[in-house]
Amino acid sequence: MQGTVSALSLSTPFLKPPNRNRDLKLTQISHSNSPKLPGFNFVHGLTRESPLLALSSSRFSARLRGSLFLWNRRDNRLKVRAASVPENTEDTVKPSGVIKTLQLGAMFAVWYILNIYFNIYNKQVLKVYPFPATVTAFQFGCGALMITLMWASNIVIRPKITPSQFAVIFPLAVVHTMGNLLTNISLGKVAVSFTHTIKSMEPFFTVVLSALFLAERPTIWVVSSLVPIVGGVALASFTEASFNWTGFYSAMASNLTNQSRNVFSKKFMVNKEETLDNINLFSVITIISFILLAPVAIFLEGIKFTPSYLQSAANQGLNVKELCVRSVLAGFCLHSYQQVSYMILQMVSPVTHAVGNCVKRVVVIVSSVFFFQTSVSPINSLGTAVALAGVFLYSRAKRIKPKPKAA
């Protein structure tokens, strides 16, 4: 409507006749629906009783009809141009939508690629350097360094944390630290594909914790989707060649800690005025996690950067330079893919993000099987596929809202 009004207002100066009286007569004629009316009206002050005047009136009427035809053509042009304003506006909106879709697709691709490389580099390091607490603390340190550089260069505005915010963020950082540490313990003990198969049970823990702490009752569709998840993980675990109880329990515990972080963040971050955006929230959690885990790693595992431990890793296939480079790349990929994940979460709905996370897990499992040449039996593959299908069904079931009860 605004586009039509603006087009009309810009075009009217070119349509005003120079004579006001003529403008008034043309206005009167143009409002009439009959094409014969101009011949019966007063034309230049003369009446229609005289034959001469009737003849001149008929000639003038013919000319006037021709001018009105041109006037109508101009009106039609004007109407077409006015109606085309919203269409042009839509055309300008469409490319931006396409660009946004391409940008989102590129971000998903970067998310997956960084996740693949993180799991590969991380597994290579943990295989020859079996100190998961030290490795996890080093990865948090890489993330904290990247965050400091982003804040110093104003790429991301550094937040001001209030005491009330810190009281909420601190327990989230504790469970975040434990989740990453437990995941690295599992990756050090079993195959990457098996760890991620177990981690596909995250929806199960989400439903249980939400029911216990948030009093959220799951729908029948959500509960039904958990059946293939649990059954698929159980089938894959029974047939896993690299099965290890430490790796199994630590992966399960990481599910518990990671999902408790999500549930508690939903429970405690209720004051919208004090909430942080996703990127800064993750950044603050990462820095707190590094401060928490660094002394714990030294206490549990000691200082493991001595030449003797580095030489021990070199004897198993990675020299000191390769070990350091892969450790730095793993830390970079870990923080980068989590940052990209939070950026995607700001652009899409949580359900879309959950579906993307399910696809990411499939990509990581398949790529790790090919890279590390992991032996996978047909039954193990079936169990993994069933579990991942259940995760996909869970993400779809979350979109189904329960029908309101009749009063």
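# A walk through the helices

Select residues 220-239 to begin. This stretch is 95% helix and 0% strand, and its end C-alpha atoms lie 30 Å apart. You are looking at a predicted model, so every value on this tour is computed from predicted coordinates.

**Zoom out to the whole chain.** Colour by secondary structure. The chain shows 15 helices and 0 strands. Of its 407 residues, 40% count as buried. Now turn on the surface. About 23800 Å² is exposed, and carbon and sulfur atoms supply 67% of that area. Contacts reach far along the sequence: among those between residues at least 6 apart, 87% join residues at least 24 apart.

**Mark the annotated spans.** An unreviewed UniProt entry lists residues 104-121, 133-152, 164-182, 220-239, 279-300 and 378-395 under "transmembrane region". Your starting stretch, 220-239, is one of the spans in that entry. Select 133-152 as another. Residues 133-152 are 100% helix and 0% strand, with 28 Å between the end C-alpha atoms.

**Go to α7 and α9.** Select residues 192-199 for α7 and 220-238 for α9. Their axes are 9 Å apart, and the packing angle is about 155 degrees. The two helices are therefore roughly antiparallel, since the angle is over 145 degrees. The crossing of α7 with α9 is left-handed. Show side chains at the meeting point. From α7 come F194, T197 and I198; from α9 come V233, A236 and S237.

**Step to α8.** Keep α9 displayed and add residues 202-213, which form α8. The axes of α8 and α9 come within 9 Å and cross at roughly 140 degrees. This pair is therefore oblique. The α8 and α9 crossing is left-handed. On the α8 side, P203, F204 and V207 make the contact; on the α9 side, V222, L226, I229 and V230 do.

**Follow the chain out of α9 to F243.** F243 sits in the loop between α9 and α10 (245-268). Is F243 buried, exposed or partly exposed? Its relative accessibility is 28%, so F243 counts as partly exposed. Display what F243 touches beyond four places in sequence: V190, F194, S237 and F248. Two of these names have come up already: F194 of α7 and S237 of α9 meet in the pair you saw earlier. Now draw a distance from F243 to T195. They are 48 residues apart in sequence, yet their C-alpha atoms are 9.8 Å apart in space.

**Select α6 and α11.** Take residues 163-189 for α6 and 278-301 for α11. The axes come within 8 Å and cross at roughly 65 degrees. That angle makes α6 roughly perpendicular to α11. The crossing is right-handed. Show side chains on both helices. The α6 contributors include F166, I169, F170, H176 and L181, and those from α11 include L281, F282, I285, I288 and L293.

**Bring in Q338.** Select residues 320-347, helix α13, and find Q338 within that helix. Which residues does Q338 contact, leaving aside neighbours within four places in sequence? They are H176, N180 and F282. H176 of α6 and F282 of α11 also take part in the contact between those two helices. Q338 has 13% relative accessibility, under the 20% cut-off, so Q338 counts as buried.

**Move to N119.** Select α4, residues 51-128; N119 is found in this helix. N119 counts as buried because its relative accessibility is 3%. Beyond four places in sequence, N119 is in contact with L187, V192, H196 and V364. V192 and H196 fall in the range 192-199 that you selected for α7.

**Finish with two loop residues.** Select N154, in the loop between α5 (132-152) and α6. What is notable about the phi of N154? It is near 60 degrees, a positive value in a residue other than glycine. N154 counts as exposed, because its relative accessibility is 55%. Then jump to Q373, in the loop between α14 (350-372) and α15 (378-397). Phi of Q373 is near 55 degrees, again positive in a residue other than glycine. Q373 has 65% relative accessibility and therefore counts as exposed.

Note on methods: Residues are numbered from 1 along each chain as its sequence is written. This is a predicted model: local features need pLDDT of at least 70, side-chain atom pairs count only at pLDDT 80 or more; totals for chains, interfaces and linings use all residues. Side-chain values use heavy atoms; hydrogens and water are left out. Helices (H or I, at least four residues) and strands (E, at least two) are DSSP runs, numbered from the N terminus. Buried means under 20% relative accessible area, exposed over 50%, partly exposed in between (1.4 Å probe, protein chains only). Contact means heavy atoms within 4.5 Å. Accessible areas come from the Shrake-Rupley method with a 1.4 Å probe; for residues, only the protein chains shown count as cover. UniProt positions are given in the numbering used here, feature names are shortened, and annotations may be inferred rather than shown by experiment. Axes are lines fitted to C-alpha atoms, for helices over the stretch in contact, and angles run from 0 to 180 degrees between N-to-C directions. Angles under 35 degrees count as roughly parallel, over 145 as roughly antiparallel, 65 to 115 as roughly perpendicular and the rest as oblique. A crossing is left-handed if the near helix is turned anticlockwise from the far one by less than a right angle, and right-handed if clockwise.
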